[in-house]
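Hi there,

Here is the structure I promised to pass along. Have a look at it first, and then read on for my notes on its charged side chains.

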Amino acid sequence: QVQLVESGGGSVQAGGSLRLSCAASGYTVSSYSSGCMAWFRQAPGKEREGVARLNTRDGTTFYIDSVKGRFAFSRDYAKNTLYLQMNSLKPEGTAMYYCAAGVRVPCSLRPDEYRYWGQGTQVTVSS
């Protein structure tokens, strides 16, 4: 049974930083497995939006333009945890952030291609 547990959200001022964590069980975040992991976000009244994705095998990443250069993935293999470092946060980044994992490659940012989802962690950025 796969379980993804996010943490690390909170309230920050614009320009601040947060590091989101996605602790996985039943799914390997390391390069020993082939799959995709991603972060999505959903603001009130808006559709879920893919923010960034990672190919777990080869480590290739993709970030949407609005976060490129400010957000970055990292992994802790010992903890089987995926991280998203978010710097220079902007008010438009306020949303519930979800970690997702799947086995279908190549990786995309289509929500329907991710089988496993966490419960979400709230990020609020004030101006």
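Arg104 and Glu113 join their side chains in a salt bridge, with 3.7 Å from N to O. Please keep in mind as you look that this is a predicted model.

Glu113 has another partner as well: its side chain also meets that of Arg110 in a salt bridge, at 3.9 Å from N to O. How exposed or buried are these two residues? Glu113 has a relative accessibility of 18%, so it counts as buried, since the cut-off for buried is under 20%. Arg110, with a relative accessible area of 46%, is partly exposed. The contact between Glu113 and Arg110 therefore pairs a buried residue with a partly exposed one.

These contacts belong to a wider set. A network of salt bridges links Arg104, Arg110, Asp112 and Glu113.

Elsewhere in the sequence, you may like to look at Glu49 and Arg41. Their side chains form a salt bridge of 2.8 Å, N to O. Here Arg41 is the buried partner, with a relative accessible area of 10%, while Glu49 is partly exposed at 33% relative accessibility.

And how many salt bridges does the structure hold? The total is five, including the Glu49 and Arg41 pair and the two that Glu113 makes with Arg104 and Arg110.

Happy browsing, and do write back with your thoughts!

Best wishes

Methods: Residues are numbered from 1 along each chain as its sequence is written. This is a predicted model: local features need pLDDT of at least 70, side-chain atom pairs count only at pLDDT 80 or more; totals for chains, interfaces and linings use all residues. Side-chain values use heavy atoms; hydrogens and water are left out. A salt bridge is a side-chain nitrogen of Lys or Arg within 4 Å of a carboxyl oxygen of Asp or Glu. Buried means under 20% relative accessible area, exposed over 50%, partly exposed in between (1.4 Å probe, protein chains only).
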